[in-house]
Each structure stands twice: as C-alpha cells, then as structure tokens.
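Here is a brief report on selected features of a two-part model. Keep the sequence and the structure open while reading.

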Amino acid sequence: MQRTYVLEYGTYLRKVSDSLELRKKDKVLCQIPLNGLKQLTLVGGVSLSSPVMDLLARNRIETIILGRNWDFKARFMVDEHKHVARRMAQYYKMGNPDFALRAARVLVRSKLENASSFLSIRGRNYQDEELHAAGAKISSLAEALESRKSIEQVRAVEGQASKVYFAMFPRLLRNKSFSFNGRNRRPPLDPVNAMLSYVYTMLIMETLTMITAAGLDPYLGSLHALERGRPSLACDLVEEWRTFLGDRMVLGLINRRQLKKSDFTIRSANQPGKYQKEDRSLPVEMKKHATRKLIDRYEKWMATRAICPVTSEETDYRGLMRRRIWKFCRWIEGRERSFEPGLWFVEK
Amino acid sequence: MFYLVCFDISDDRARYKAGRMLKGFGYRVQKSVYECPNMNKSKLIKLKHKLEELIDQEKDTVRFYQLCKECLGVFDSSGNGEQPRIKDFFVV
C-alpha cells in the first residue's frame, strides 16, 4: 500500500514490529505493513505513539496531518540535508526580482492557457458560445502577461482571469442538484466549493512532497509572496494543475452523478442558529462515505495513464506533475535554458 | 511483485515471531498465509533471510509464491475473506 489515508475519528496508531496497527477503543481496525508504505495521511484526530513517530521518520514516510475539514495542520519533515547547492540556487534565483517575475509569468501563463483550452473544448462539446468566448478572453489575458512588469501586475491578471473562469463554472455543471455561485473558501460554503477545496488540498500536498523530494525549499516561491508557514512554491507550482487535474475531476464526479447532494451535510448561513462562524461547525461537510469515494476517485484519477506532451513518454498524471517539477528544478539550477508554459490539453 | 507466503512452523514462539515479522511486509489472510504486495527482489531476500534465521531447518517450511497480475485477476474465494489487496492506496 503506497498511500494510506486514515479518516476514522478517535483512532490511534501503534507500532507492532514492522507494521502499524490502527486501533479504536481496543479494537484493531486494520494493520498497515511498512513495506511499500510511502505516504500516510491522517485526517482529523488520529493519535500516534512516539515509537510510531520514530518508525515514520526512520522509514522516511511522508506523513501529513490534516484537520477535520482537510485543512492543512502539519507535516512530518525529515531533515533534508543533501541538496544544499540546489537550495542555494533557488534562494539566489528567486531572490532576483527579474527571475521571480519570469517564473510567475510562466506559471500564470500556463494556468491561463490551460483554463482557456479547457473552456473552449467544453464549449465546443456543449455547443455553448459563452464558454468559448470566455476561453478566448482568458487566452487574450494570457497574451497580455508578457507586457506586465511586476509581480503585482501578474497577480492582477491572474485575478481577472480567475473571475472570468469561475463565472463560467455554473455552465460546466450538468447536474441540476448542484449549484455554484462563485468560488469561496475558508470555509467553503457549498458542496462544489468544498470539493474543489478538498482536491486542491490534495494537489498541494502532492506538489509539496514532490518539491521536497526534488530538494527544493517549498516555502520560497514567486507568485505567492513570502508568508510565514505558507508553502509558496508548492502553491505556485500547483497553479497550472488546478484546471487540468482538480476542476476536471470535481466536474466529473458531479456530472457523472457519482456524488449526490445528500452526501453532504449542509448548514446554511441563512438559517440562523445553524451555522455560525464563531463555533467550529462548518457550513458544508462531506459525509464519510462520500469522502472515501472522493479519495478513491482521486487516486484512480492520478493514476490515469497519459503521454507527456513534451517528452512523449508514457506516464500517469502524477508522473506529469513530477516531470514538470524536475524541469523547474533544472531551470533553477541553470541546467536548462528556458521554462516554457506547459499546455496539458492535447487536442484530439 | 506480489508474493504469497505461507509457512508451517512447529515451535510456538518461532511461529509467533514469524507472523509478527510478516505483518511488516503484508497482510495476514489465513492463519499462516500472508499476502505481500509491493515486494521486490531485495525485500524478498531480506524476508527470506529473516525467516531462515527463525525456523528449524529440519522440521519447518516456508513457501513463497510469486503471483502475476493475470493470476490475481482470476482470484476466487469461498467463505468469508477479502480480495487480495492490489490497489496502491488504502482508505480507513
């Protein structure tokens, strides 16, 4: 089992020789062999003993701790000491405003171009002129990026494009029981936003792991400003995958009716006494079986076979992400001259 | 590589130890039958070595079967029990 997710509340992990045992009230729920375990994601209240922590650290198992609603809490980090030169290159290059601007431009550009081709392709399939028009609008915004001279301006363009993009989102929903009124988060207010947030969290975790494995510092990016505790580089590099990997997956779950509205607990803000910002209840919560379905879909989705449009190698979606990060890494180190925007939609 | 490991060990202590160790490599599917997905050559050698140190070479046996994807695809069972776990992710 390469990746194990623990969603069960009030459980604890114990070490039993070379395996982990998940227990709940003296009952063994499952046993996880350490052989082949790469990633452990613990969602909401799982306790571990110190021998378990020792084991996780020794075996370099990526351990991610998420809160009840998948808000990122912590991550076990094994001290990575072997990539000093690469990190120095990153600090040096990212500290250079010109270079940082170039990086931000490329990343936003690939985000926008991907969003634009996605909207055009869906527009053609659904014969919806508006989708097509929005695609064209985003594409023209992407063109305009070259003339932007500061990161603030690049961010502004991204914001504009994002507004256009999410305004089109309700048109992509083909399931009457779900609706979408603009993107919101922290906390997400409707099931669609909640699902988007879940998937984006998973993608950021994925990127973070890959960046750390590549030896870069995930906390220094360019598009996302330096902020205490924010993995800016992971946020930067995930931008170009949001549409291709995140939105398409969520839309697939909704449009193929794999999830129903009854899979969510909804406490409306309009009904007084039901949802208050002060108390810890969330406006939308995914029921446990639905979360399982989402993870299941996500794992299958990330294992989808694909041909890398740049190198023409066969890999899966995770492989595409990894290749992109390697490329970025080589660019930072100066082993590669350029870092072009990546376009992942291959025209059929 | 997917391995099926089964053993016949007469000494209680050694049997218990072997079971505990195998849990680090895979899942117990029957009393002395373990399924170990995600194995490779070096892990198999390691496992074999560890088991050989435990068992009584005269009396006991441990058998290792490598199963291919096609073999796992036609798996069938009677009574209770689960399919072999071949997915590379798991949700509890």
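The notes below go through chain B, then chain A, and end with backbone angles. The model is predicted.

**The sheet of chain B**

Start with the sheet in chain B. Four strands make up this open sheet, and their order is β2-β3-β1-β4. The pairing is antiparallel. Which strands form the edges? They are β2 (27-30) and β4 (61-67) of chain B, each of which pairs on one side only. From one strand to the next, the twist averages 25 degrees.

Now look at one pair in this sheet. Strand β1 (residues 2-8) of chain B runs antiparallel to strand β3 (residues 33-36) of chain B, and four bridges join them. To find the register, locate Tyr3(B): this residue stands opposite Cys36(B) in β3(B).

Two helices pack on the sheet. Helix α1 (residues 12-22) of chain B touches β1 and β3 of chain B. The direction of α1 makes about 170 degrees with that of β1(B). Helix α2 (residues 41-54) of chain B touches β1 and β4 of chain B. For α2 of chain B, the direction makes about 165 degrees with that of β4(B).

**A hairpin in chain A**

Chain A offers a strand pair as well. Strand β3 (residues 19-24) of chain A pairs with strand β4 (residues 27-33) of chain A over six bridges, in the antiparallel sense. Strands of a sheet pair through backbone hydrogen bonds. In this pair, Glu21(A) stands opposite Gln31(A) in β4(A). The hairpin of β3(A) and β4(A) has two residues between the strands. Lys25(A), in this hairpin, takes a positive phi near 45 degrees.

**Two helices in chain A**

How do helix α2 (residues 84-95) and helix α3 (residues 97-126) of chain A pack? Their angle is about 90 degrees, and their axes are 5 Å apart. α2(A) and α3(A) therefore count as roughly perpendicular to each other. On the α2(A) side, the contact is made by Lys93(A), Met94(A) and Gly95(A). On the α3(A) side, Pro97(A), Phe99(A) and Ala100(A) take part. The residues of this contact between α2(A) and α3(A) divide into four nonpolar, one polar and one charged.

**Thr315(A) and its neighbours**

Next comes a single residue. Thr315(A) sits in strand β12 (residues 314-316) of chain A. Is Thr315(A) buried or exposed? Thr315(A) counts as buried, because its relative accessibility is 7% and the cut-off for buried is under 20%. The side chain of Thr315(A) makes a polar contact with the side chain of Arg323(A), at 3.3 Å. Leaving out residues up to four places away in sequence, Thr315(A) touches Thr304(A), Arg305(A), Ala306(A), Cys308(A), Leu320(A) and Arg323(A).

**Positive phi in two loops**

Most residues other than glycine have a negative phi. The table lists two residues that are not glycine and have a positive phi.

| Residue | Phi | Loop | Relative accessibility |
|---|---|---|---|
| Asp26(A) | about 65 degrees | between β3 and β4 of chain A | 65%, exposed |
| Asn38(B) | about 55 degrees | between β3 and α2 of chain B | 24%, partly exposed |

Why does Asp26(A) count as exposed? Its relative accessibility is 65%, and exposed means over 50%. Asn38(B), at 24%, counts as partly exposed.

Definitions and conventions:
Residues are numbered from 1 along each chain as its sequence is written. Chains are lettered from A and ligands numbered from 1 in the order in which they are written. This is a predicted model: local features need pLDDT of at least 70, side-chain atom pairs count only at pLDDT 80 or more; totals for chains, interfaces and linings use all residues. Side-chain values use heavy atoms; hydrogens and water are left out. Buried means under 20% relative accessible area, exposed over 50%, partly exposed in between (1.4 Å probe, protein chains only). A polar contact is a pair of N or O atoms within 3.5 Å; within protein, one must be able to donate a hydrogen and the other to accept it, and residues adjacent in sequence count only if both atoms are side-chain atoms. Contact means heavy atoms within 4.5 Å. Axes are lines fitted to C-alpha atoms, for helices over the stretch in contact, and angles run from 0 to 180 degrees between N-to-C directions. Angles under 35 degrees count as roughly parallel, over 145 as roughly antiparallel, 65 to 115 as roughly perpendicular and the rest as oblique. Ala, Val, Leu, Ile, Met, Phe, Trp, Tyr, Cys and Pro count as nonpolar, Asp, Glu, Lys and Arg as charged, and the others, Gly among them, as polar. Two strands pair if DSSP finds at least two bridges between them.
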